[in-house]
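Trainee: Could you pick one part of this and take me through it closely?

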Amino acid sequence: MGALETRFAVGGETLDAGRRGNPTLAPRVCGRIMSMKGRLLRLLGGLLREAEVVEVSTPGPSFRLLQLRVAGGGDVAWRPGDKVQVLLPSDDVRTYTPLWWGADGVTELLVYTHGDTPASRWVREVEVAARLRFVGPQRSLTMPPGPIVLIGDETSVAVAASYARARPGQVRAWLEVGEGVAVDGALAAAGLGGAHVVVRPPGTPRGEALARALPRLEGTVGITGAADLVQRVRAGLRQRGVGGIKTKAYWIEGRVGLD
Ligand SMILES: Cc1cc2nc3c(=O)[nH]c(=O)nc-3n(C[C@H](O)[C@H](O)[C@H](O)COP(=O)(O)OP(=O)(O)OC[C@H]3O[C@@H](n4cnc5c(N)ncnc54)[C@H](O)[C@@H]3O)c2cc1C
């Protein structure tokens, strides 16, 4: 287990890196553990990088795009699919995927906002010149060279965009979004205009509509996003004989700050 990873008791099959949740672990307990992690990070300040918010935009009602200038961030070994763990002003720690990382230490995060949560509150209010601290970048979803298919949900726009920018013409993306979530602006802002979007009909399990919509896929498949979506889509693809699938759960219903 990495020094900064928070893990909980799990049962049954594991997902790659991200793990299935223990439904008996109360969200309040998870929340306390995550804030403890934040307070610990604050105490161990030396592990943290510092960044200044240099641009903020709202490419859709449910998305915020932050451009950050990272102090001394020019020589960072960033690769597509990497993550950063952001220490929020509330001492909560939440994980995001840089879209790209410039040689000048400038990078961008695309954050999906969904209700009254610590990250959503923070990112709706954050302004240019705000400072933030984070750990990373660290490896998260590593895909082999060559053509790939990335499948996920609203939280997966950034990871797909990071690979699409790094491998022009080699990345196809399929995303399932909730009904009423306007994702086109976020896709355009992230440079992922060619992504296929499937709307999840209300009341249906995550990943069901997406698994049905997927055509025959060429290249290695990576699935990220909600843990139940990841499991459902992976099971569907396996039934169709697709192997070598890489997965990473980004969040679990009822659990806070998964990573
Ligand atoms: C490696 C990695 C990379 C990630 N990259 C990104 C990224 O680039 N962009 C991005 O937007 N997210 C990304 N995420 C997901 C993000 O970290 C989580 O969604 C996180 O839980 C959001 O924190 P919060 O404070 O909003 O909600 P929390 O306080 O963590 O959770 C509160 C409640 O909201 C629910 N919840 C959490 N996320 C969602 C969601 N997406 N939709 C609906 N309900 C949710 C929880 O289950 C819980 O019930 C990534 C996660 C990981 C592990």
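Mentor: Let's do the ligand's surroundings, and for sorting residues, Ala, Val, Leu, Ile, Met, Phe, Trp, Tyr, Cys and Pro count as nonpolar, Asp, Glu, Lys and Arg as charged, and the others, Gly among them, as polar. By that split, the shell around the ligand has 13 nonpolar, 10 polar and seven charged residues. Keep in mind that this is a predicted model, where local features need pLDDT of at least 70, side-chain atom pairs count only at 80 or more, and totals for chains, interfaces and linings use all residues. Numbering starts from 1 along each chain as its sequence is written.

In total, 30 residues surround the ligand, with Y112, T117, A119, T155 and A158 the closest (C-beta, placed from the backbone, within 6 Å). Domain 1 (45-138) and domain 2 (148-251) each put in at least three; an automatic or database assignment sets those bounds. At least two shell residues come from each of β4 (93-96), β5 (106-112), α2 (118-125) and β11 (246-251) (DSSP runs numbered from the N terminus: helices H or I, at least four residues; strands E, at least two).

Now follow β4 back to its partner. β3 and β4 run antiparallel, joined by four bridges (pairing takes at least two DSSP bridges), and V86 sits opposite R94. Five residues separate the two strands of this hairpin, and D91 in the turn has a positive phi of about 75 degrees. β3 also pairs antiparallel with β6 (residues 131-138), again over four bridges, with K83 facing Q138.

All five residues of β3 (83-87) are buried, so the rest of the structure largely encloses this strand (buried: 20 or more other C-beta atoms within 10 Å; exposed: 12 or fewer; partly exposed in between; C-beta atoms placed from the backbone). K83, Q85 and L87 point one way, V84 and V86 the other.
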